[in-house]
Amino acid sequence: EVGDLIKASKDRPFFINFWLYNVHLPLQAKEEKIAKYRSKTDSTKNHQNAVYAAMVEHMDDAVGRVIDQLKAAGVYENTIILFTSDNGGLIGKRRSITTNTPLRHGKGGMYEGGVRIPTILVAPNLDGGVTSDAVVNSTDYYPTLLDLAGLKVPKQQGAIDGSSWKDILENGTPSSQPVFWHYPHYHSEGAVPYSAIRDGNWKLIENLENGSIELYDLASDLGEEEDLSEVWPLVSQELKQKLDTWRAEVKAQYPSPNEAYDPMYERSKTKKRN
């Protein structure tokens, strides 16, 4: 129990990595919560799934119970809380689950609907109620938490991915560093292996299956509808070079052909799932 861990650790530093299964498949929630959101369903709005909405409230309830335990133990005011997700909402291929409108695609995808997520951070000595559009990445969480706790990265760890965004929190200073993605495999929702870079408002995506390039200006095209790779070839070239350099530095692994791949077997699995 998380509450027991908090009580046992309240007199010394502790770290809790609390992964909530909600919101996830299968879609399940208490009937009273489903009924609550079914009554709120509006056919003119994007979100229509009452069970999904109920699951979000179940998640909120769970987070609330953890915060209640922190307060009961007298450590809430001295605790850093980071609430985040690992990907965008699951759209669903065979049935409508949720929507990330106006963002394109969803979980597992290379577009903003798959990688853009909310992040909430509460920490001592930070003013609350501040909203920032600064771009950060999950690799930044570790150095950020260390920085906020007044700790340094252990020397034996050497170089680490990511950087602290304490300055963003305290001074509103946006990071000028590009953000990279490398996803060298497939996803059941349809994504193919890809790499991507976001630098400022530019986002370049390289499809590792066929080598194609896509370029988007997220400032004017958040839904990534207009590929500008041929309109701005020099920008594409510069971003591709930065992406190549980064992949070389981190020794990124690339997909390789599966010699045993059987398309007939793949089609039979898809037919069974449908």
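This report describes a four-stranded sheet, the helix lying across it and a pair of crossing helices in a predicted model.

## Basis of the model

Because the model is predicted, local features need pLDDT of at least 70 and side-chain atom pairs count only at pLDDT 80 or more, whereas totals for chains, interfaces and linings use all residues. Residues are numbered from 1 along each chain as its sequence is written, and side-chain values use heavy atoms, with hydrogens and water left out.

## The sheet and helix H7

Four strands form an open sheet in the order E3-E4-E5-E6, with antiparallel pairing (strands are DSSP runs of E of at least two residues, and helices runs of H or I of at least four, numbered from the N terminus; two strands pair if DSSP finds at least two bridges between them). Strands E3 (179–183) and E6 (213–217) are the edge strands, each pairing on one side only, and the twist averages 10° from one strand to the next.

Strand E5 (residues 202–207) pairs with E6 in the antiparallel sense over five bridges, and Ile205 stands opposite Glu214 in E6. Helix H7 (residues 233–249) lies across E3, strand E4 (194–199), E5 and E6, at about 65° to E5 (axes are lines fitted to C-alpha atoms, for helices over the stretch in contact, and angles run from 0 to 180 degrees between N-to-C directions).

## Helices H1 and H3

The axes of helix H1 (residues 2–9) and helix H3 (residues 50–72) come within 9 Å and cross at roughly 25°, which means that H1 is roughly parallel to H3 (angles under 35 degrees count as roughly parallel, over 145 as roughly antiparallel, 65 to 115 as roughly perpendicular and the rest as oblique). The contact (heavy atoms within 4.5 Å) is made by Val2, Gly3, Ile6 and Lys7 of H1 and by Val66, Gln69 and Leu70 of H3.
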